[in-house]
Amino acid sequence: MIPIELVFALAAPALLVVAGVAKFRQREKTSKEWMEVAARHGLEPGPTAFTHLPILSGTVGGHAVELRVVRRSSGKSSVSHTVVQTRLSIPVPAGLKVTQDTLLGGLLTAMGGQDIPLADPRLDKHLKVQGRSPQAVKDLLDIGVVRQAMQRFFVHSHYTKVEGRAVIADRRGIQTGASVDEMLASTVALVTAMSEGRERAWDDLAQRHGLERSGTRTVRLSGEREGVTVGIESTGHNTILTVGIHGLDNGVCIHAGDGGFVGDDQILGDRVRITGPASALPKLFGPIQLDALRGELMQVFETWPDTELRDGRLEVTLMGEPFRQVDSILKDYRALAEALQRTVSGT
């Protein structure tokens, strides 16, 4: 009888060979499937990663994408993850970061960490949202098409995120076939929705207020109605809104605060400060004129306390691109500007 130790000694090399052949064939199969992905989406293979799979890159749906495999530590071992990455070409709110709300993230939020609420309760429950200007972040992410795209995008692993302009989908394991196709599709769908959503929001704003739009990265809206000129300029990092009043004395200044020409007014005295040339103020803000202006002055300088009227125009600077806030401010500014214009013209 052949000793059992000898049987194992003779079989071990053969088993190693079989395992090696199986591993080689699986690697070949995976490589072939990745090249099929490249062919389907028009991607080019680049340097080969440690997994012997190439980094695929190219343009999908008008957006530059990159597909690769990375290794992530998991305890004492490491695990392969498939990653699809692209970048937004539009300006985004400063400090924007959207991740899946993990247990650790929930604990940090409970301890006072930032988590900006979203309009969609399903997204708000599962995502952690951060940014320096919460209103600007909400106005971008709460756009309908963006909300729909985020629901599809954030089904991948918890490493999936939007950070600044980077949009990164991540799935555990080396993905192939339909799984990779879906990763690419959901990533491209999100950057497309965020880009088109921003464009649509500016176009809708311009249409509602009868303004002409120009520019893409830096957006400019302008127009004139009833002696009131409107100008909006947004770089993505901040938005400057101005409304000018024809014929208004450039020396007149108004801002939130107390004192000034209307300091004795029971309603406006401690809320709105008006200063300027002694010759101009009684005509513009006398008792009769003030009665016609009081409501509009309160609405603007109480609701939007960063507003200033200086050099014949109302102006405010906002962080990011808070579309809804711009819409509301513009309505209030126009109402005050038109009321002031009537006072200036004596009508």
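E182 counts as partly exposed, at 26% relative accessibility. In this predicted model, E182 pairs up with R152 in a salt bridge whose closest N and O atoms sit 3.1 Å apart. That pair links distant parts of the chain, with E182 in helix α6 (residues 177-208) and R152 in helix α5 (residues 144-153), 30 residues apart. Here's a rundown of the salt bridges, two helix pairs and one loop residue.

**Salt bridges**

- The structure has 22 salt bridges in total.
- Back to the α5 and α6 pair for a moment: R152, the partner of E182, is partly exposed too, because its relative accessibility comes to 37%.
- E338 makes a salt bridge with R225, and here the closest N and O atoms are 3.7 Å apart.
- E338 belongs to helix α9 (residues 323-345) and R225 to strand β10 (residues 219-225), so this bridge ties together parts that are 113 residues apart in sequence.
- Are E338 and R225 buried or exposed? E338 has 16% relative accessibility, so it counts as buried, while R225 is partly exposed at 41%.
- Some salt bridges share partners, and those join R198, E199, D203, R213 and E321 into one network.
- E66 and R68 form another salt bridge, with 2.9 Å between the closest N and O atoms.
- For that pair, E66 is partly exposed at 28% relative accessibility, and R68 is partly exposed at 29%.

**How α5 meets α6**

- Two packed helices are described by the angle between their axes and the distance between the axes.
- For α5 and α6, the axes come within 8 Å and cross at roughly 165 degrees.
- How do α5 and α6 run relative to each other, parallel or antiparallel? Angles over 145 degrees count as roughly antiparallel, so α5 and α6 are roughly antiparallel.
- The crossing of α5 past α6 is left-handed.
- On the α5 side, the contact uses V145, V146, A149, M150, R152 and F153.
- The α6 side brings in E182, A185, S186, T187, A189, L190, A193, M194, G197 and R200.
- By type, the residues in the contact of α5 with α6 split into 10 nonpolar, 3 polar and 3 charged.
- Both salt-bridge partners, E182 and R152, show up in this contact.

**How α8 meets α9**

- Helix α8 (residues 287-303) and α9 have axes that come within 9 Å and cross at roughly 160 degrees.
- α8 and α9 are therefore roughly antiparallel to each other.
- α8 goes past α9 in a left-handed crossing.
- From α8, the contact residues are Q289, L293, E296, L297, Q299, V300 and F301.
- From α9, they are D332, Y333, A335, L336, A339, L340 and T343.
- This contact of α8 with α9 breaks down into 9 nonpolar, 3 polar and 2 charged residues.
- α9 is also the helix that holds E338 from the salt bridge with R225.

**A loop residue to look at**

- Where does D311 lie? Look in the loop between β15 (308-310) and β16 (313-319), and you'll find D311 there.
- D311 isn't a glycine, yet it has a positive phi of about 55 degrees.
- D311 counts as exposed because its relative accessible area is 52%, and the cut-off for exposed is over 50%.

Key: Residues numbered from 1 in each chain as written. Predicted model: local features only at pLDDT ≥ 70, side-chain atom pairs only at ≥ 80, totals over all residues. Heavy atoms only, no water. Salt bridge = Lys/Arg side-chain N within 4 Å of Asp/Glu carboxyl O. Buried < 20%, exposed > 50% of the residue type's maximum accessible area, 1.4 Å probe, protein only. Helix = DSSP H or I, 4+ residues; strand = E, 2+ residues; numbered from the N terminus. Axes fitted to C-alpha atoms, helices over the stretch in contact; angles between N-to-C directions. Parallel < 35°, antiparallel > 145°, perpendicular 65-115°, else oblique. Left-handed = near helix turned anticlockwise from the far one by under 90°. Contact = heavy atoms within 4.5 Å. Nonpolar A, V, L, I, M, F, W, Y, C, P; charged D, E, K, R; others polar.
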